[in-house]
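Here is a short note for a colleague who is meeting this structure for the first time. The points are best followed with the sequence and the model side by side.

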Amino acid sequence: MPVGSDRNVEGAAQPPPLGAGAAADRIAATGAAAPILSVNNIEVVYDHVILVLKGVSLTVPKGKIVALLGANGAGKSTTLKAISNLLSAERGEVTKGSIIFDGEEVHARSPNELVRRGCIQVMEGRHCFAHLSVEENLLTGAFTRGGAGAAIRRDLDLVYSYFPRLKERRSATAGYISGGEQQMCAIGRALMSRPKMILLDEPSMGLAPQLVEEIFKIVGDLNAKEGVSFLLAEQNTRMALKRATAMCWKAAAWCSTAMPRPWARTRT
Ligand SMILES: Nc1ncnc2c1ncn2[C@@H]1O[C@H](COP(=O)(O)OP(=O)(O)OP(=O)(O)O)[C@@H](O)[C@H]1O
Ligand SMILES: [Mg+2]
């Protein structure tokens with residue numbers, strides 16, 4: 001059962017042990033082409049005057065990883081914040097276009113409602129709660145879903161099965177663990193909300209190549225085994241394309257998943 005299934009239902013059937021590829025197989029059988037997210041021709045303005053995005057469109061099919069690539073300042077983080085409805089915290093707003101997550105317009109929903117519906121963002125720069133332990137950080141991820149302690153415990157074990165290093169450091173203060181461990185903690189915390197989709201902003205930032213490789217492998221595993229869809233904003237094109245099913249390139253005011261060669265790339 002994918003992480004995003006049977007969410008928020010107390011006493012609902014719990015995920016079976018991780019079965020290799022089971023979720024991915026089911027997704028393939030039920031039609032992988034259905035989009036979980038579509039961004040349609042959006043425009044974003046900060047402070048009522050600063051036009052940052054114009055005419056941006058992209059689609060993430062259910063159960064896939066789409067890489068959103070672009071240089072510094074291209075608008076990757078802004079695109080993700082528009083999707084998770086976090087722009088208003090920075091005096092930004094979507095002034096044109098629409099964003100549909102799982103069949104519903106996201107602007108009808110608050111960010112916490114979106115998390116409950118299965119769409120969560122892992123912000124650029126990790127943002128762990130520095131004074132809490134690793135395990136306390138992970139538990140905060142389950143806050144929006146409520147539910148029984150046993151179910152939360154099982155999900156904690158699931159997170160630890162993907163990130164054994166977090167299990168070793170479960171009692172450590174998050175502010176003092178390494179950057180790579182903080183990134184794992186931030187992704188693990190997002191998993192605790194049982195997401196259908198994670199918006200992952202620059203997971204490679206400031207990390208050694210070996211750690212970047214490890215984190216991207218885990219992202220690939222979460223996608224393949226748990227069926228979590230990803231929109232992955234990255235400057236590290238090589239690593240992102242290694243895992244992505246499709247990509248879009250955000251340059252100036254243009255972004256589309258319908259890419260001309262040589263950028264178009266599809267992997268099944
Ligand atoms: N809160 C804000 N107010 C005004 N302008 C902003 C704000 N946040 C971002 N911008 C501007 O929007 C543009 C896009 O920024 P954004 O952070 O989305 O880019 P990015 O592609 O994520 O860059 P990076 O790779 O450096 O993270 C930049 O020119 C930036 O200065
Ligand atoms: Mg950014």
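**Notes on the model**

1. By class, the shell around ligand 1 holds 8 polar residues, 4 charged residues and 4 nonpolar residues. This model is predicted, and the points that follow should be taken as a description of that prediction.

2. Of the 16 residues around ligand 1, those that come nearest are Y46, K76, S77, T78 and E90. As for the elements that build this shell, β2 (50-61) and α2 (76-83) each supply at least two residues, and α2 gives the most, with 3 residues.

3. The strand β2, already met at the ligand, also belongs to an open sheet of 4 strands, in which the order is β2-β1-β4-β5 and the pairing is antiparallel. Because β2 and β5 (104-105) stand at the edges of this sheet and each has a single partner strand, one side of each is left without a neighbour in the sheet. The helix α2 packs on this sheet, where it touches β1 (35-46), β2 and β4, and its direction makes about 115 degrees with that of β1.

4. At the β5 edge, strand β4 (residues 92-101) pairs with β5 in the antiparallel sense, and the pairing extends over 2 bridges. One residue pair to look up here is I100 and its bridge partner in β5, which is E105.

5. How many of the residues of strand β3 (residues 65-69) are buried? The count is 5 of the 5, so the strand is largely enclosed by the rest of the structure. Both faces are covered, since I65, A67 and L69 on one side are buried, as are V66 and L68 on the other.

6. The strand β3 is joined by 5 bridges to strand β8 (residues 229-234), and the two run parallel. Within this pairing, the bridge partner of I65 in β8 is F230. In general, the strands of a sheet pair through backbone hydrogen bonds, in either a parallel or an antiparallel manner.

7. The largest nonpolar core has 63 residues, and those with the most contacts inside it are V66, V159, I198, L231 and L232. Helix α7 (residues 179-191) gives the most to this core, with 6 residues. For V159, if residues up to four places away in sequence are not counted, the residues touched are L138, L166, G188, L191 and M192. The residue V66 thus appears twice in this note, once among the buried residues of β3 and once among those with the most contacts inside the core.

Technical notes: Residues numbered from 1 in each chain as written. Chains lettered and ligands numbered in written order. Predicted model: local features only at pLDDT ≥ 70, side-chain atom pairs only at ≥ 80, totals over all residues. Near = placed C-beta within 6 Å. Nonpolar A, V, L, I, M, F, W, Y, C, P; charged D, E, K, R; others polar. Buried ≥ 20, exposed ≤ 12 C-beta atoms within 10 Å, placed from the backbone. Pairing = 2+ DSSP bridges. Core = buried A, V, L, I, M, F, W, Y, C linked by C-beta atoms within 7 Å. Contact = placed C-beta atoms within 7 Å. Axes fitted to C-alpha atoms, helices over the stretch in contact; angles between N-to-C directions.
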